[in-house]
Amino acid sequence: AKKYGKSTIRHYDPAIAARQVDRLQRISDLEKAVAEQQFEVHYQPKLSTRRSHALHVEALVRWHHPSEGYIAPTAFISIAEETGMIVDIGDQVLTAACKLIANQRKSGAPALRVAVNLSVQQLYDANLLKRFEDILSRHGVHASELEFEVTESAFINNVDAAKGVLSALKSAGASIAVDDFGTGYSSLSYLAKLPIDTVKIDRAFVQGVPSDSDNATLCKAIASLAHSLRMSVVAEGVETKQQASFLSGLDCDQLQGYYFAKPMCESDLLDYVNSGDWQ
Ligand code: C2E
Ligand code: CA
Ligand code: CA
Ligand code: CA
């Protein structure tokens, strides 16, 4: 006679068990990292194709693990999102960005405008606006010195909820960019419904242009769509001179990628800003 229900029999798979242990270890390491603020923020310039008095940069988080060294966001952001830790990590990134902006302003050097990535879990966190207001006012930073990058997948299920949060950020003075545009398989209707200032063409479309004629057509169509909606256009992942000249020929407003500058630590960024090479 069977002792256990037939559907509950599971075969023990050591590979799966090992992965689960890894994951739990990762989660507890990450909890510690949040508590001990083991994150560092690097900044990648977004170069304007027109004259600009402020340097625009994107804040990209790195985890400075005590024994493993730097860990890239792709290795921990999804766990941080699933566990909700992204909310605290996001606050730490915004705090670093605000400190940088305020210090730079005090030094009288060229202004910085910092773009911060927002995950969907942050966007729909009921306290987001309150917490962001606190962080900004603590550092004397105005929302107009910030930009928020949100992927379109964040809007798919709930355009109305997204509209509430984005409109509040926008009316405080911040700009809103759609990140990884074109990769979220969503309808385009949100573009007209949400207060979006900027569209970032995903690196996947920038790859291989102009000789990849399908990608070249897509970049051209995205740039023209965004401009007709009076939005500005940023191309990300620009790695070659050919890509850069093709994309500036499409009238992209900003270009970002290894061809111009990699993400850099705060002190390297300050050297870069003060060198004036970006102007
Ligand atoms: P993303 O927002 O699309 O950021 C662009 C990624 O492409 C960055 O990777 C950047 O270092 C990389 N990149 C920039 N230029 C080039 C290039 O020319 N070629 C190539 N191959 N790559 C380039 P990173 O820093 O590893 O970040 C990966 C993703 O992690 C980001 O993608 C973003 O989705 C997420 N992330 C990073 N920081 C944060 C954060 O503070 N909060 C949240 N919620 N997500 C973040
Ligand atoms: Ca981004
Ligand atoms: Ca992106
Ligand atoms: Ca991305």
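**Close-ups of ligand 1 and the calcium ions**

**View 1. Three secondary-structure elements help to build the shell around ligand 1.** β2 (55-65), α3 (86-106) and β6 (175-181) each put at least two residues into this shell. Here helices (H or I, at least four residues) and strands (E, at least two) are DSSP runs, numbered from the N terminus. β2 gives the largest share, with 4 residues. This is a predicted model, with local features needing pLDDT of at least 70, side-chain atom pairs pLDDT 80 or more, and totals using all residues. Residues count from 1 along each chain, chains are lettered from A and ligands numbered from 1 as written, and side-chain values use heavy atoms, without hydrogens or water.

**View 2. Here are the residues that come nearest to ligand 1.** The shell holds 23 residues, and Q44, R62, S119, E239 and Y258 are the ones that come nearest. A residue is near if one of its heavy atoms lies within 4 Å.

**View 3. Side chains of Q44, D180 and E239 make polar contacts with ligand 1.** A polar contact to the ligand is a pair of N or O atoms within 3.5 Å. Which atom of ligand 1 pairs with the side chain of D180? An oxygen atom of ligand 1 does, 3.3 Å from an N or O atom of the D180 side chain. In the case of Q44, a nitrogen atom of ligand 1 is 3.0 Å from a side-chain N or O atom. E239 also faces a nitrogen atom of the ligand, with a side-chain N or O atom 2.5 Å away. Taken alone, ligand 1 would expose 800 Å², and the protein buries 84% of that (Shrake-Rupley areas, 1.4 Å probe).

**View 4. D179 is shared by two calcium ions, ligand 2 and ligand 3.** The two ions lie 3.9 Å apart, with D179 as the bridge. Donors are N, O and S atoms within 3.2 Å of Ca, and water is not among the atoms, so sites may look incomplete. Around ligand 2, the calcium ion is coordinated by E58 (OE), N117 (OD1), E149 (OE) and D179 (OD), at 2.2 to 2.3 Å. Read along the sequence, those donor residues are spaced E-x58-N-x31-E-x29-D. Distant parts of the chain get linked here: E58 sits in strand β2 and D179 in strand β6, 121 residues apart. On the ligand 3 side, the calcium ion is held by D179 (OD), D180 (OD) and two E236 (OE) donors, at 2.2 to 2.5 Å. Its donors follow the spacing D-D-x55-E.

**View 5. D180 supplies the protein donors of another calcium ion, ligand 4.** Two D180 (OD) atoms do the job, lying 2.5 to 3.1 Å from the ion. Where is D180? In strand β6. The calcium ion of ligand 4 is 5.8 Å from the calcium ion of ligand 2.

**View 6. Two loops carry backbone oddities, at P210 and Q37.** Most residues other than glycine have a negative phi, and most peptide bonds are trans. The V209 to P210 peptide bond is cis, with omega near 0°, and P210 is in the loop between α8 (203-206) and α9 (213-228). Q37, a residue other than glycine, has a positive phi near 50°. Look for Q37 in the loop between α1 (14-36) and β1 (39-48).

How values were computed: A polar contact is a pair of N or O atoms within 3.5 Å; within protein, one must be able to donate a hydrogen and the other to accept it, and residues adjacent in sequence count only if both atoms are side-chain atoms. Donors are N, O and S atoms within 2.8 Å of the metal (3.2 Å for Na, K and Ca); water is not among the atoms, so sites may look incomplete.
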